[in-house]
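This report goes through one protein chain, from its overall make-up to a few single residues.

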Amino acid sequence: MKINLLAVIAAIAIPNMASAVSVTGNASVVIQTAITANQTQQMNFGTVMPAATAGVVTLTPAGVTSSPTLTTYGTAAAGHFSITAQPSTALNITFANGSVTSGSNTMTIDTFTSTTTPASNTTDASGNLALNVGANLNVGANQAPGTYNGTYIVTVNY
């Protein structure tokens with residue numbers, strides 16, 4: 001019994017050797033302003049005279065049309081968009097092909113070009129970016145007459 005009593009006394013007398021430390025960690029986050037984009041002017045290829053062979057009408061971001069094989073006239077206009085985001089933020093702008101239709105007749109819109117103000121696809125100090133968009137209109141041989149309307153997609157990402 002003497003040995004057991006000494007073991008108990010020794011266990012009580014020796015302090016717990018475990019150690020602990022607390023440290024404070026730091027954290028941060030940036031909450032981005034949501035991107036908004038609004039069309040301020042519809043893309044318009046003007047008036048096109050079809051031909052016996054297919055052709056392409058090019059609309060520049062400045063709103064000028066041209067075609068090596070088709071006659072174009074009338075009032076053309078590039079698409080204009082107003083984009084807002086976090087100030088001084090670089091944006092990635094992409095386009096998805098679109099189409100215009102008149103009844104069952106269709107033409108595709110592709111090969112998009114654009115200019116932005118400021119020119120670097122970066123929002124200004126107020127978070128604004130103006131986007132002008134041009135594209136190619138693919139006109140079929142003997143394209144049916146009519147007023148064609150449609151859509152295309154502009155995607156803006158941080």
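What percentage of the 158 residues in the chain is buried? Buried residues account for 27% of the 158. The model is a predicted one.

The chain has one helix and ten strands. Read from the N terminus, the order of elements is α-β-β-β-β-β-β-β-β-β-β. Among contacts with a separation of 6 or more, 69% join residues that are 24 or more positions apart.

**Aromatic residues**

Three aromatic pairs are counted. One of them is formed by Phe-81 and Tyr-152: the ring centres are 6.3 Å apart and the planes stand at 85 degrees, over the 60-degree limit, so the pair is edge-to-face. This pair links distant parts of the chain, with Phe-81 in strand β6 (residues 79-84) and Tyr-152 in strand β10 (residues 149-157), 71 residues apart. Both Phe-81 and Tyr-152 are buried. Together with Phe-95 and Phe-112, Phe-81 and Tyr-152 form one aromatic cluster.

**The largest pocket**

The volume of the largest pocket is about 590 Å³. It is lined by 25 residues, and those closest to its centre are Phe-45, Gly-46, Val-100, Met-107 and Tyr-148. Strands β2 (47-49), β8 (105-117), β9 (128-139) and β10 each give two or more residues to the lining. The largest share, four residues, is contributed by β10. What is the character of the lining residues: nonpolar, polar or charged? The lining holds 14 nonpolar residues and eleven polar ones, and no charged residue.

**Thr-65 and Gly-55**

Thr-65 is placed in strand β4 (residues 65-66). Its side chain makes a polar contact with the side chain of Thr-72 at 3.3 Å. Beyond four places in sequence, Thr-65 touches Phe-45, Val-57, Thr-58, Leu-59, Thr-72 and Ala-76. Phe-45 is also one of the residues closest to the centre of the largest pocket.

Gly-55 belongs to strand β3 (residues 55-59). Its relative accessibility is 10%, and the limit for buried is under 20%, so Gly-55 counts as buried. Outside its neighbours within four places in sequence, Gly-55 is in contact with Thr-69, Leu-70, Leu-137, Asn-138 and Val-139. For Leu-137, which is 82 residues away along the chain, the C-alpha atom is separated from that of Gly-55 by 8.4 Å.

**Backbone geometry**

Most residues other than glycine have a negative phi, and most peptide bonds are trans. The table lists the exceptions described here.

| Site | Backbone value | Place |
|---|---|---|
| Ser-88 | positive phi of about 55 degrees | loop between β6 and β7 (92-102) |
| Thr-111 | positive phi of about 50 degrees | strand β8 |
| Thr-117 to Pro-118 | cis, omega near -5 degrees | Pro-118 in the loop between β8 and β9 |

Ser-88 is not a glycine, yet its phi is positive. With a relative accessible area of 53%, Ser-88 lies over the 50% limit and is therefore exposed. Thr-111 is likewise a residue other than glycine with a positive phi, and it is found in strand β8. The peptide bond from Thr-117 to Pro-118 is cis, and Pro-118 lies in the loop that runs between β8 and β9.

Key
Residues are numbered from 1 along each chain as its sequence is written. This is a predicted model: local features need pLDDT of at least 70, side-chain atom pairs count only at pLDDT 80 or more; totals for chains, interfaces and linings use all residues. Side-chain values use heavy atoms; hydrogens and water are left out. A polar contact is a pair of N or O atoms within 3.5 Å; within protein, one must be able to donate a hydrogen and the other to accept it, and residues adjacent in sequence count only if both atoms are side-chain atoms. Contact means heavy atoms within 4.5 Å. Rings of Phe, Tyr and Trp (its six-membered ring) pair if their centres lie within 6.5 Å; planes under 30 degrees apart count as stacked, over 60 as edge-to-face and the rest as tilted. Buried means under 20% relative accessible area, exposed over 50%, partly exposed in between (1.4 Å probe, protein chains only). On a 1 Å grid over the protein atoms alone, a cavity is a set of points where a 1.4 Å probe fits but cannot get out, and a pocket is an open set with protein on both sides within 12 Å along at least five of seven lines; lining residues have an atom within 4 Å of a point. Grid points are joined across faces, edges and corners, and a volume is the space filled by probe spheres set on the points. Ala, Val, Leu, Ile, Met, Phe, Trp, Tyr, Cys and Pro count as nonpolar, Asp, Glu, Lys and Arg as charged, and the others, Gly among them, as polar.
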